[in-house]
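Here are some notes to read alongside the model. Please keep the structure open and find each residue as it comes up.

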Amino acid sequence: MGILSGNPKDEPLHYGEVYAIWTNLAVNNGLIAAYQTFYNHTGDDDLKSLIEECIKAMEEENKQIEKILKENAVGLPPAPPARPDARLEDIPVGARFNDPEIGAALAIDSAAGLVACSEVMGQCIREDIAMLYGQFHMTKAQIGAKILRLNKSKGWLVPPPLHAFPSK
């Protein structure tokens, strides 16, 4: 029996898996702090709810990947402190992120997260890690669809030039 032929959880992580998981945790930590700031800046209740959903999803991911890193004796990346709650009215108008900017940032991060999850799944040799990132990918895809729907319904989506076929 080879080193990679038993229970996947007993197999060592390869360096690519370690780096991907560690980087995922570092990015999530930064995004959580950023999204807490976005939450303070938004006035739209639907957007606030979606920001909360994004934060909760990343916090859940973090619990799972922190456990894997600890089990494999990998140090955790630093995390910024949680952002305090602020009242929108206390933030000067010119210093605020506006709701369409926040919606666009969420969409960009969602797309990048899907690509990152796909990359991790493709490089994994541990099936349990690949499956975990498959779950993360599915969650990100579902949230991404909600972000798209919200951006479209609020009129915040700026589409590229649309191509219409000439009628025959």
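**Notes on the fold**

1. Read from start to end of the sequence, the protein has the pattern α-α-α-α. It contains four helices and zero strands. Please keep in mind that this is a predicted model.

2. The C-alpha trace spans about 60 × 60 × 20 Å along its principal axes. Of the 168 residues in the protein, 35% are buried. Among contacts with a separation of 6 or more, 78% are between residues 24 or more positions apart.

3. Take helix 2 first. How far apart should its ends be? At 1.5 Å a residue, the 27 residues of helix 2 should span 39 Å, and the end C-alpha atoms are indeed 39 Å apart, so the two values agree. The expected span is 1.5 Å times one less than the number of residues. The buried residues of helix 2 are L47, L50, I51, C54, I55, A57, M58, E61, N62, I65, I68 and L69. They pack against helix 1, helix 3 and helix 4.

4. The same check can be made on helix 3. Its 25 residues should span 36 Å at 1.5 Å a residue, which agrees with the 36 Å between its end C-alpha atoms. Buried in helix 3 are D99, I102, G103, A105, L106, S110, G113, C117 and V120. Helix 1, helix 2 and helix 4 are included in what covers these residues.

5. How do helix 2 and helix 4 run relative to each other, roughly parallel or roughly antiparallel? Their axes come within 11 Å and cross at roughly 170°. Angles over 145 degrees count as roughly antiparallel, and helix 2 and helix 4 are therefore roughly antiparallel to each other.

6. The contact between these two helices can be listed residue by residue. On the helix 2 side are D46, L47, L50, E53, C54, A57, E61, Q64, I65 and I68. On the helix 4 side are I129, L132, Y133, F136, T139, K140, I143, K146, I147 and L150. The residues of this contact divide into 13 nonpolar, two polar and five charged.

7. Next, the nonpolar cores. In soluble globular proteins, nonpolar side chains tend to be buried together. The largest nonpolar core here has 18 residues, and Y35, L47, I51 and L106 touch the most other members. Helix 1 (15-41), helix 2 (45-71), helix 3 (99-123) and helix 4 (127-153) each supply at least two residues of this core. The largest share, seven residues, comes from helix 2. A second, separate core has 16 residues, including L13, I65, I129 and A130.

8. L47 deserves its own entry. Which residues is L47 in contact with, leaving aside its neighbours within four places in sequence? They are T42, D99, I102, L106, L150 and W156. Two of the names recur: L106 is, like L47, among the core residues that touch the most other members, and L150 is one of the helix 4 residues that meet helix 2.

9. Q36 lies in helix 1. Is Q36 buried or exposed? Its relative accessible area is 18%, and buried means under 20%, so Q36 is buried. Leaving aside neighbours within four places in sequence, Q36 is in contact with I55, A82 and R83. I55 is itself one of the buried residues of helix 2.

10. A73 lies in the loop between helix 2 and helix 3. Its relative accessibility is 73%, so A73 counts as exposed. Most residues other than glycine have a negative phi. A73 has a positive phi of about 55° although it is not a glycine.

11. Two pairs show that distance in sequence and distance in space need separate checks. N7, in the segment before helix 1, is partly exposed, with a relative accessible area of 42%. N7 and E127 are 120 residues apart in sequence and 9.4 Å apart in space, C-alpha to C-alpha. E101, found in helix 3, is partly exposed too, with a relative accessible area of 41%. E101 and A57 are 44 residues apart in sequence and 21 Å apart in space, again C-alpha to C-alpha.

Technical notes:
Residues numbered from 1 in each chain as written. Predicted model: local features only at pLDDT ≥ 70, side-chain atom pairs only at ≥ 80, totals over all residues. Heavy atoms only, no water. Core = buried A, V, L, I, M, F, W, Y, C linked by side-chain atoms within 4.5 Å. Buried < 20%, exposed > 50% of the residue type's maximum accessible area, 1.4 Å probe, protein only. Contact = heavy atoms within 4.5 Å. Axes fitted to C-alpha atoms, helices over the stretch in contact; angles between N-to-C directions. Parallel < 35°, antiparallel > 145°, perpendicular 65-115°, else oblique. Nonpolar A, V, L, I, M, F, W, Y, C, P; charged D, E, K, R; others polar.
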